[in-house]
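Here is a short guided tour to read alongside the sequence and the 3D view. Keep the structure open and rotate it as you go.

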Amino acid sequence: MSLVYKAFELLFERYGEQYWWPGNSAWEICTGAVLTQNTNWHNVELAIRNLRKIDALCPNRILAMPDLDLENAVRPSGFFRVKSKRLKNVAEWWLIYADKLHEQLRKNTCNVLFWRQSLLRINGVGEETADSILLYSFNLPTFVIDTYTRRAALRHFSMPNKCSYETLQQFFMENLPPDVRLYNEYHALLVRNAKENCCKNSCLPGCPLRELPGNLRLSKKSV
DNA sequence: GACCAGGCACATC
DNA sequence: GATGTGCATGGT
């Protein structure tokens, strides 16, 4: 069993299932993926609540809305001018491609890399956002690398400091079976653990990943 | 008042 | 290619 999978087991044992990503529809999850950029989830929830209030949790409504109204709705999530534009860009993409993607999902003929590239062409969608949409909105097997995943990889799997997104993603995917449920849960667990048992520079004594073999150096250093 | 939070695009060197 | 900067709110 890989160290990476062992870490998952430790986290799952401690925290159990995380039920990510919160959202009542694929589009709502996608909305959250854009709004959460460099923002904590609480503020995203405030913005999504605003969108729900005005019945704007669908791409058609987003595109039909005046910019100012959309900006006001997403304001609590910060960067509201940028994010309202990005949301419209993603809504346009959604109206063009989401049906085709869903059809391929039904036929089991989806090429994850093709759709990843397609999302990355949207202005406002980078690698993390694209992967979050693919994994959490469409249940496609791609591993999400965010600040917390990166920190955990450096801290517990001895990945080099200046690792590219691609390198980190490959590392996780090469050391795990290609399982959507696992990718989904693992990312959620890393975030949960980071919030509860880690700080920016080290993990705290309660971090379950301290039990990983080969973590003696880390334990000594940060106790 | 400073710092942080589930990034990204663009300018500059 | 690497680095810096703007975008902005709400909670601690």
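From the N terminus to the C terminus, chain A reads α-α-α-α-α-α-α-α-α-α-α-α. That makes 12 helices and zero strands. Please keep in mind that this is a predicted model.

**Overall form**

Along the principal axes, the C-alpha atoms of chain A fill a box of roughly 55 × 40 × 30 Å. The radius of gyration of chain A is 18 Å, which agrees with the value near 17 Å for a compact globule of 223 residues. Of the 223 residues in chain A, 31% are buried. Among the contacts in chain A with a separation of 6 or more, 62% are between residues 24 or more positions apart.

**Helices α9, α10 and α11**

A good place to zoom in is helix α9, residues 147-156. Which residues of α9 are buried? They are T149, A152, A153 and H156. These buried residues cover an arc of only 100° around the axis, so they sit on the same side of α9. The cover over them includes α1, α10 and α11.

The meeting of α9 with α11 can be followed residue by residue. The axis of α9 comes within 9 Å of the axis of helix α11 (residues 180-197), and the two cross at roughly 80°. The two helices are therefore roughly perpendicular to each other. On the α9 side the contact involves Y148, T149, R151 and A152, and on the α11 side H187, L190, V191 and A194. By type, the residues of this contact are five nonpolar, two polar and one charged.

Helix α10, residues 165-174, has L168, Q169 and F172 as buried residues. Seen down the axis of α10, the buried residues fall within an arc of 100°, so they line one face of the helix. As background, an α-helix has 3.6 residues a turn, so residues three or four places apart point the same way. The buried residues of α10 pack against α1 (3-15) and α9. Turn to the other side of α10 and you will find E166 and E174 exposed.

**Backbone details worth a look**

Most residues other than glycine have a negative phi, and most peptide bonds are trans. The table lists three places in this chain with a positive phi.

| Residue | Where | Phi |
|---|---|---|
| F79 | loop between α5 (67-74) and α6 (80-107) | about 45° |
| N139 | loop between α8 (127-137) and α9 | about 55° |
| S158 | follows α9 | near 55° |

How exposed are two of these residues? F79 has 15 C-beta neighbours inside 10 Å and so counts as partly exposed. N139, with 14 C-beta neighbours inside 10 Å, also counts as partly exposed.

There is a cis peptide bond as well, joining W20 and W21, with omega at about -5°. W21 belongs to the loop between α1 and α2 (26-35).

**Another tryptophan**

W41 is part of helix α3, residues 41-53. Is W41 buried, partly exposed or exposed? It has 16 C-beta neighbours inside 10 Å and therefore counts as partly exposed. From W41 to R14 the sequence separation is 27 residues, and the C-alpha to C-alpha distance is 22 Å.

Methods
Residues numbered from 1 in each chain as written. Chains lettered and ligands numbered in written order. Predicted model: local features only at pLDDT ≥ 70, side-chain atom pairs only at ≥ 80, totals over all residues. Helix = DSSP H or I, 4+ residues; strand = E, 2+ residues; numbered from the N terminus. Rg over C-alpha atoms; globule rule 2.2 N^0.38 Å. Buried ≥ 20, exposed ≤ 12 C-beta atoms within 10 Å, placed from the backbone. Contact = placed C-beta atoms within 7 Å. Axes fitted to C-alpha atoms, helices over the stretch in contact; angles between N-to-C directions. Parallel < 35°, antiparallel > 145°, perpendicular 65-115°, else oblique. Nonpolar A, V, L, I, M, F, W, Y, C, P; charged D, E, K, R; others polar. Arc of directions from axis to C-beta.
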